[in-house]
Structure formats: C-alpha cells, structure tokens
Amino acid sequence: MNPEDSLLPRVPLGTWVDDSFDWLKENVSWLFDAFSAIMNFLVGNLTDLLMMIPALALIPILALIALTLRSWKLAVGTVIGFALVLSMDQWETMVQTMALVLVATVFAVAIAVPLGVLAALNSTVSALVKPIMDFMQTMPAFVYLIPAVTFFSIGVVPGIFATIIFALPPGVRMTELGIRQVDAETVEAGEAFGATRGQILRGIQLPLAVPTIMAGVNQVIMLSLSMAVIAGMVGADGLGKEVVQAISTQDLALGVEAGLAVVILAVFLDRLTAALGNPGDYRTSLLALAQKAIAQRGSAMGAVGPAA
C-alpha cells in the first residue's frame, strides 16, 4: 500500500527512536564506557575467581551451600548435576553463564527492590511505573539486543545490559505486591506503638514481604538465565554461545548438552532463592519494633521532664 492510500499519515516512530539513540551515543558515550568497564571488570573477575577453584573443589562448595540453605536432597542433586556438566565439558561455559547471571541479577535487584518499595508507598510512582513495566515485559526479548549492540558493540556487556533490562520488571512488581499485601492491622499495631514510617517499613513490611520479594528475585534469575542464552547471539561467552553455535551448525549433541547445563544451573539457583524466601515470625519483628519505639519515647520523655 502506498503512503498516499493510507487513511492516516505514517508516524516515523522508529526513526525518532533511532535518532534518540544516536544522540545518546554522541552525548553520553562516557556513561556507556563507564558501564562497559564496570561490567567487564565484574564479570571477568568473577569468572576468573570461579575458574581459579578446581571444579572438583567448587562442586562440593556449592553442594554445601545447598545443604545449608535448603536440604540434603538438593545437595546430592547439586553434586550429580554439576558432575554431569563437568563430564559434558560444559563446566567453563556454565561458569561464564553463572557469572553473567549473578552480576545481572545483583544489578537488577538493586534497581527493582527500591523502585518497588517506592511504588508501594506512593500511588503516583506506582501509576507511572506500571505502564513502563508492562512495556518492558511485553517487548520481545530479541529487541533488547538491538540497543544493547548499538551502545556497546558485541561481547558480554550488551548481553548484561539486555539481561538487566529484560529481568527487571518481575522484581519491581513482586516487591510492590509484597509490601501492599502486608496486613493493615499489623501496620496499625506498629503505629499504635509509636513507630515511625521508616521503622514500620524496616521492622514490619519488609520482613513480611520477604517471601514475595524473593519470589520476584527468583523470577529475575530465571529471566536472566533465559536472556543470557539469547545474549549468546551478540557474542556473550557462556552456554548461550554454545546454543547459538549448535543452531548454526545443526549440532544436536552440542545443543542438548548446553541446554541441559542451563537447566541444571537454573534448578540450582531456583531452589536456593526459594529457600531464602522463608518468612520469619512477624510477631518477633513487631515486638522488637514496639520495644524500640517505647524506649525511644521513654528517653524523649525523660529528656523533656527535667526541663519542665
């Protein structure tokens, strides 16, 4: 169809976005360079640190972590699973993917949790954040690779950038949901003890929201893993690059082994984050908060008394 035959004039939205990206590259290139340097430093050093530990020594360490945080069943499964990864010669690529996912998850959570808390406490912020999160979640994952490559060329950095953006929304949504779901009567009880808004947030709402927040962190990790594989298309080292190579060469054996390594890593990280989401007894938090508020009130009254 010719533009003249269209009922509405064409809106060159893509051109506007492309021009805005060009403007960003020309005017804030220092910011992208700083981000690239930080990501290369973190991922590179974390990968080197994990690779410095022999696989036969790191596997028991990971199993001990699983035993401490979850159960002996997960510890046994960790040993069997990672031993299988080692036997398939996918250990190094799995470690590279683990480093990328951990760094991306830390940055995504560091952005998502404060933003989710702010959205839960402020309706205006929540109204602004929700459509942005909807846009980020519904945008196809491959699209995030385009600006990533535009800003950072190819390699691990565009992979991390796209992974952080793609994995961010569940962390924001679940944090806001967890805080909003805290029982209003519990919050009112804290207020009755004279607790401040910050004390209620730290002593009641956040502890009670931990299971929901950790569910969001779990989703961030899972999305980071899925995006880390896609990031292999732009040159990020790890299991993603192995999957891309398997597709391009139609190597079924390599694709199965790399995919199985992703599954084993995903199960390990999923079970650990689920274990960290066990809720504490809110009465303990409330009692400690009440005692602190009463003590502060008593000290304030004591300071006012002699002056009166």
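**Exercise 1. Locate T78 and describe its surroundings.**

*Solution.* T78 is found in helix α4, residues 72-87; helices (H or I, at least four residues) and strands (E, at least two) are DSSP runs, numbered from the N terminus. The model is predicted: local features need pLDDT of at least 70, side-chain atom pairs count only at pLDDT 80 or more, and totals for chains, interfaces and linings use all residues. Residues are numbered from 1 along each chain as its sequence is written, and side-chain values use heavy atoms, with hydrogens and water left out.

Step 1. Assign the burial class. T78 counts as buried because its relative accessibility is 4%; buried means under 20% relative accessible area, exposed over 50%, and partly exposed in between (1.4 Å probe, protein chains only).

Step 2. Examine the side chain. The side chain of T78 reaches the backbone oxygen of L74 at 2.7 Å.

Step 3. List the contacts (heavy atoms within 4.5 Å). Not counting residues up to four places away in sequence, T78 touches L62, A63, A66, A83 and F268.

**Exercise 2. Characterise the largest pocket, and state whether F268 belongs to its lining.**

*Solution.* Step 1. Fix the terms. On a 1 Å grid over the protein atoms alone, a cavity is a set of points where a 1.4 Å probe fits but cannot get out, whereas a pocket is an open set with protein on both sides within 12 Å along at least five of seven lines; lining residues have an atom within 4 Å of a point. Grid points are joined across faces, edges and corners, and a volume is the space filled by probe spheres set on the points.

Step 2. Give the volume, which is about 280 Å³ for the largest pocket.

Step 3. Identify the lining. It comprises 17 residues, of which L102, I221, F268, L269 and L272 lie nearest the centre of the pocket. F268, a contact of T78, is thus found in this lining.

Step 4. Attribute the lining to elements. At least two residues each come from α3 (55-69), α5, α10 (197-230) and α12 (252-275).

Step 5. Classify the residues. Ala, Val, Leu, Ile, Met, Phe, Trp, Tyr, Cys and Pro count as nonpolar, Asp, Glu, Lys and Arg as charged, and the others, Gly among them, as polar. The lining of the largest pocket then divides into 15 nonpolar, two polar and no charged residues.

**Exercise 3. Carry out the corresponding analysis for the largest cavity.**

*Solution.* Step 1. Count and size. The structure holds one cavity of 30 Å³ or more, and about 40 Å³ of space lies in the largest cavity.

Step 2. Name the lining: T97, L100, A228, A236, D237, G238, L239, G240 and K241.

Step 3. Attribute it. α5 (91-121) and α11 (239-249) each supply at least two residues, and α11 gives the most, with three.

Step 4. Classify it. The lining of the largest cavity has four nonpolar, three polar and two charged residues.

**Exercise 4. Compare the burial of D89 and Q90, and examine the backbone of D89 and Q250.**

*Solution.* Step 1. Place the residues. D89 is found in the loop between α4 and α5, as is Q90. Q250 is in the loop between α11 and α12.

Step 2. Assign burial. Q90 counts as buried at 2% relative accessibility, whereas D89 is exposed at 67%. Q250 is exposed, at 73%.

Step 3. List the contacts of Q90. Leaving aside neighbours within four places in sequence, they are V85, L239, E242, L254, E257, A258 and A261. L239 also lines the largest cavity.

Step 4. Inspect phi. Most residues other than glycine have a negative phi. Phi of D89, however, is near 60°, and phi of Q250 is near 55°.

**Exercise 5. Describe P169 and the UniProt segments.**

*Solution.* Step 1. P169 is in helix α8, residues 156-180, and is buried, with a relative accessible area of 0%.

Step 2. Its contacts, neighbours within four places in sequence left aside, are M133, M136 and Q137. The C-alpha atoms of P169 and A112, 57 residues apart along the chain, are separated by 7.3 Å.

Step 3. The unreviewed UniProt entry places "transmembrane region" at residues 49-67, 74-91, 97-121, 142-168, 220-240 and 252-269; positions follow the numbering used here, feature names are shortened, and annotations may be inferred rather than shown by experiment.

Step 4. Residues 142-168 are 78% helix and 0% strand, with end C-alpha atoms 16 Å apart. For residues 220-240 the values are 62% helix, 0% strand and 17 Å.

Definitions and conventions
A polar contact is a pair of N or O atoms within 3.5 Å; within protein, one must be able to donate a hydrogen and the other to accept it, and residues adjacent in sequence count only if both atoms are side-chain atoms.
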